[in-house]
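User: Could you walk me through this one by asking what stands out in the backbone and the helices? I'm new to this, so keep it relaxed.

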Amino acid sequence: MGFVVAAVLGACVGSFLSLAAWRLPRGESLMWPASHCPACGRTLAWPEILPLLNWLWLRGRCRTCGASIPLRDWLVEGLTAGLWVAVVVLTPPGAGGVAGVLRLLAGLLFISGLLLLLLLDLDVFWLPEPLCRWGLITGLATTALLAAAAGISPFAPLMHHSLAAALGLLGFDLAGVLGTWWLGAPALGGGDGKLAALLGAWLGGRGLLLVLALAVLSGGLFGLLGRLGGYLKPRQPFPFGPFLATAGGLVWLTPELLHRQLLAILLPWLSTLGLALGG
Ligand SMILES: [Zn+2]
């Protein structure tokens, strides 16, 4: 029963995330006007705004003008529904009821926010500053609340996660400066450091380190395969935010024991690779 509720609510949130990813870069309001067909402007009637089912019911076309409805909207709704179920399944029950519920709600918020940032960076290479700033503040507030709910003083976890956020931002700024100097062209988007700060606030130092290792490996592999396959031109930029956001979601959903083991494997490997590339 809980899974069905999570899937239905997740699909609705996914529908909103699609809409937000479309409207935010265009400077449009999220609240007004109501959902409409981007081709003919007709406001969608009740059954047409049902997430997941609408696309199947309309067979991917607007009823009035026949313009195709992007398949991606449907995929984002399905993906969000799946992610919400995953958060419910993978959230540890926790000792107390309050801590468990808090972690569940925080996880749903975190994963949905990351998906919105992923879509925006994928579409228009944009990680909006206000969104990252509010994500960071929410992450620190969650850290404090989770500690308090577990009966621990929030001071130490809050300091630790704030430091991780600051190091994430500074680390990316430094890497950007060094990369620009090395390549003679901007190496990193300005938003990546803000996303790293947000992830540090939510995940702490070890979590952020693992996110960076996973994002560098998967992003590097994507760049290499894209070049070999001829999909990317030499020095063609591609957004790094989706790799950071995906790794951030994975780290949130997996147990801390696994993080230690993965870091023990990945860090020596990455430093050897770094030395080989540097040499
Ligand atoms: Zn239409």
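**Backbone and helices, step by step**

Analyst: Sure. Arg206 lies in helix 7. Keep in mind that this is a predicted model.

User: Is Arg206 buried, exposed or partly exposed, and which cut-offs decide that?

Analyst: Buried takes 20 or more other C-beta atoms within 10 Å, and exposed takes 12 or fewer. Arg206 has 15 such neighbours inside 10 Å, so Arg206 counts as partly exposed.

User: Which residues is Arg206 in contact with, leaving aside neighbours within four places in sequence?

Analyst: One partner sits well along the chain: Arg206 and Leu263 are 57 residues apart in sequence, yet 8.5 Å apart in space, C-alpha to C-alpha. Setting aside neighbours within four places in sequence, the contacts of Arg206 are His259 and Leu263.

User: On which residue is the kink in helix 7 centred?

Analyst: Start with the length: helix 7 covers residues 191-229, and a straight helix of 39 residues would span 57 Å. Helix 7 spans only 28 Å between its end C-alpha atoms. There is also a kink of about 125° in this helix, and its centre is Gly204.

User: How are helix 1 and helix 3 oriented to each other?

Analyst: Two packed helices are described by the angle between their axes and the distance between the axes. Here the axes of helix 1 and helix 3 come within 7 Å and cross at roughly 140°. Angles over 145 degrees would count as roughly antiparallel, and 65 to 115 as roughly perpendicular. The crossing falls in neither group, so helix 1 and helix 3 are oblique.

User: What is the handedness of that crossing of helix 1 and helix 3?

Analyst: The contact involves residues including Gly10 and Gly14 of helix 1, and Leu83 and Trp84 of helix 3. As for handedness, the crossing of helix 1 and helix 3 is right-handed.

User: What is the phi of Leu52 near?

Analyst: Most residues other than glycine have a negative phi. Leu52 is in the loop between helix 1 and helix 2, and with 20 C-beta neighbours inside 10 Å, Leu52 counts as buried. Leu52 isn't a glycine, but its phi is positive, near 65°.

User: What is the phi of Phe125?

Analyst: Phe125 is found in the loop between helix 4 and helix 5. It is partly exposed, with 16 other C-beta atoms within 10 Å. Though not a glycine, Phe125 has a positive phi of about 55°.

User: Which two residues does a cis peptide bond join?

Analyst: Most peptide bonds are trans. Look in the loop between helix 1 and helix 2, where Pro33 is found. With omega about -5°, the cis bond joins Trp32 and Pro33.

Methods. Residues numbered from 1 in each chain as written. Predicted model: local features only at pLDDT ≥ 70, side-chain atom pairs only at ≥ 80, totals over all residues. Helix = DSSP H or I, 4+ residues; strand = E, 2+ residues; numbered from the N terminus. Expected span 1.5 Å × (residues − 1). Bend = angle between axes of the 7 residues up to and from the residue. Axes fitted to C-alpha atoms, helices over the stretch in contact; angles between N-to-C directions. Parallel < 35°, antiparallel > 145°, perpendicular 65-115°, else oblique. Left-handed = near helix turned anticlockwise from the far one by under 90°. Contact = placed C-beta atoms within 7 Å.
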